[in-house]
Amino acid sequence: MPAARRRRRSILALLVLVALVLLTVDFRQGDEGPISGAQRALGSAFAPLQNGVAAVVQPIGSFFGAIGQLGRLRQENVALEEELRELRERQVSLADLARENDELRELLGMQQRLEHTTTAGRVIAQPPGLFRWSLLIDIGEEHGVRENMAVINADGLVGKITDVSAGHSRVQLAVSPNAGYSVRIVDTRQQGLLSGRGTRPMQLNILDDPEAEVPLGAEVVTRAFEGTSIPDGIPVGVIEETPAAEIGGAQFLGVRPYADHTRLDIVLVILDAPEVPVDAFEADEPDDEPDEPSPDDDGEPLEADEEAAATRPARIPA
Amino acid sequence: MIARAAALGLLLVVAALLETVVFAEIAVAGYVPAVVVLTVVGVALADGPEPGGIYGFVAGLLMDLLGGGLVGLSALVMLTTGFAVGAARPYLTGPPLGIHVVVGGLAAASATLAYGVLLFLLEPAEITWSALGQGSAITGLYSAAVAPFAVRATIMLARSVEGQTVGSSS
C-alpha cells in the first residue's frame, strides 16, 4: 500500500475515533455542553442563509406542492362539504349551547378564557435528515420571542422555543423524546406528564388517581409549568391507546397529538404567557416536604391536596 | 488544494440548503432526498474511498451540527458511506447514469437506515421500525430520482477543480 494511501487511511481511522468521541460526549452532556453550544452557534449562522433561500423557493414550492396534493385536496373538499352540511344542521342546537355556556360562565363567575398575544412565524427549515425533532422559524428576539415560550398552530400545541437569536428561533417539537409537558385530561381532570416519543404516540404518565379509567378519545391540554411560559389549556391531543404499561403505580397512555408535525408552515408563538416562578408555591409548603415528581421521577402519584394540585403548576425542568 | 476544499465546502452548503429548505417544500410523505449523501457518493465515485470517507465525515458533522441531533452520528454514517462507495467503485460497471441512480438511491437508503438503527440503539424511544423502513425506502427512491443531477454535478465539480483530492497529504 502506498505511503500516501496508508496515511489517508490513518486519517480516516482518526476521524472515526473523533466521531465516536463526539457522540459519547454529546450523549452524556445533553443540551448543556460545548457541543450543543456549537450546534446553536452554527444554527444561528446558517439561519439567515436558510431564510434567504426559503423566501425565494417557498412560493414556488407551495405552487408545486399544491399540484402534488390535488387529489388529496379534492378528497378534503368533499369531506369538508359533508362536514359543513352536518354543521349547518346542528347550528341551532349549537347556538343554544353557546348561549347556555355564556349563562353558566356568568353564573359561576368564571373569567372568560384568557386571550394571549401571539406572533406568527414561518417555518424556514426542517431539520436535516429524518428522526430529528426541531425546526427553525423566522422570528426571534427582535419579535419578542424568548426561550420556553409555547408554539402553537391552529390544531394545538406544536412545541416550545429552545434557542433564540436576533431574527430566528429553534422550536423543539412536542413529539421530541427530549420534550416533557405537564398536562391534564379535560374530561376527568386527571393530571399527568406527557413525553414525546418521536414517531410513536406521545406517552402520558398519569400522576393522580392512576386506577381511574381514562376514556379513549379524551382530550389532553397543557397545565402551567413552574419555570416556563406554557399557558394552561392549550389543546395537545387525544388519548388513543389504553395503558401499555404500569410501572410503580403509574399509567402510561398513548396520546395522538393534534398538530401534524410533518406539515408545519406558519406557527404562532405565545408572547404574553407569564412565566410561573419556580418557587411560586414554596411558601405554602413545609420546607422539608419533598418536591413534586419530575419527569425523571418514578411516577408515584402526587400526595398533595387534590384541589390545590388541580390549580397549581407542575414542576418540570425547562 | 485550497480551491478544491473551498469548492467542495460550497457544494456542501448548497446541498444542505437544498435538503433542508428547497426539498422540504416538495417533500414526499414528509421525506426529502438525502442530497448531502448524494454529494458524498459523488466525491467517493470521483476520488475513491479515502477522500469519500473524509468528505463524508465533514458533511455528516455539518448535518449533525445543523440538525440538533446527536453530534457524531451522521458523521460516522456518512464517513462509512463515502468509504464504502469509493471502495466499490472499481466493481461498478454499466452506464454512468445507471450507476449514479442505483448507487445514489442505495447509499441514501442505507445511510438513513443506518442512522435510524444507531439512533434506535442509543435512544430507543425515538423511532419505530415501520417509520424507519418507510423513511429509508422513500428517501432512497426520492434520492435515486435526484441522483442523476446531484451525483453528476458533484463528480464534475470534483474533477474540474484543480489540485489534489480531498484528504491528500500534500
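This briefing describes selected features of chains A and B. The model is predicted. Chain B is built from 6 helices and 0 strands, while in chain A 6 strands close into a barrel. Chain A also carries a nonpolar surface patch of about 400 Å², and two of its loop residues, A:N148 and A:R189, have positive phi values.

**Chain B**

- Read from the N terminus, the elements of chain B follow the order α-α-α-α-α-α.
- Chain B has 170 residues, and 59% of them are buried.
- Of the contacts in chain B between residues at least 6 apart in sequence, 71% link residues at least 24 apart.
- The exposed area of chain B is about 6,400 Å². Carbon and sulfur atoms account for 74% of that area.

**The barrel in chain A**

- The strands of the barrel are arranged in the order β1-β2-β5-β4-β3-β13, with antiparallel pairing.
- On average, neighbouring strands of this sheet are turned by 45° against each other, with direction ignored.
- One of the pairings joins strand β2 (residues 134–137) of chain A to strand β5 (residues 169–173) of chain A. This antiparallel pair is held over 4 bridges.
- Within that pairing, A:L135 has A:V171 in β5(A) as its bridge partner.

**The nonpolar patch in chain A**

- The patch consists of A:L14, A:L17, A:V18, A:V21 and A:V25.
- One of these residues, A:L17, lies in helix α1 (residues 3–29) of chain A.
- A:L17 has a relative accessibility of 51% and therefore counts as exposed, since the cut-off for exposed is over 50%.

**Positive phi values in chain A**

- Most residues other than glycine have a negative phi. The two residues below have positive values, A:N148 and A:R189.
- A:N148 has a phi near 75°. This residue sits in the loop between β2 and β3 (150–152) of chain A.
- The relative accessible area of A:N148 is 14%, so the residue is buried; buried means under 20%.
- A:R189 has a phi near 65°. Its place is the loop between β6 (180–185) and β7 (191–195) of chain A.
- A:R189 is exposed, because its relative accessible area is 69%.
- In short, A:N148 is a buried loop residue, whereas A:R189 is an exposed loop residue.

Key
Residues numbered from 1 in each chain as written. Chains lettered and ligands numbered in written order. Predicted model: local features only at pLDDT ≥ 70, side-chain atom pairs only at ≥ 80, totals over all residues. Heavy atoms only, no water. Helix = DSSP H or I, 4+ residues; strand = E, 2+ residues; numbered from the N terminus. Buried < 20%, exposed > 50% of the residue type's maximum accessible area, 1.4 Å probe, protein only. Contact = heavy atoms within 4.5 Å. Areas by Shrake-Rupley, 256 points an atom, 1.4 Å probe, with all protein chains shown as cover. Pairing = 2+ DSSP bridges. Axes fitted to C-alpha atoms, helices over the stretch in contact; angles between N-to-C directions. Patch = residues over 30% accessible without salt bridge, like charges linked within 9 Å, V, L, I, M, F, W, Y side chains within 5 Å. Salt bridge = Lys/Arg side-chain N within 4 Å of Asp/Glu carboxyl O.
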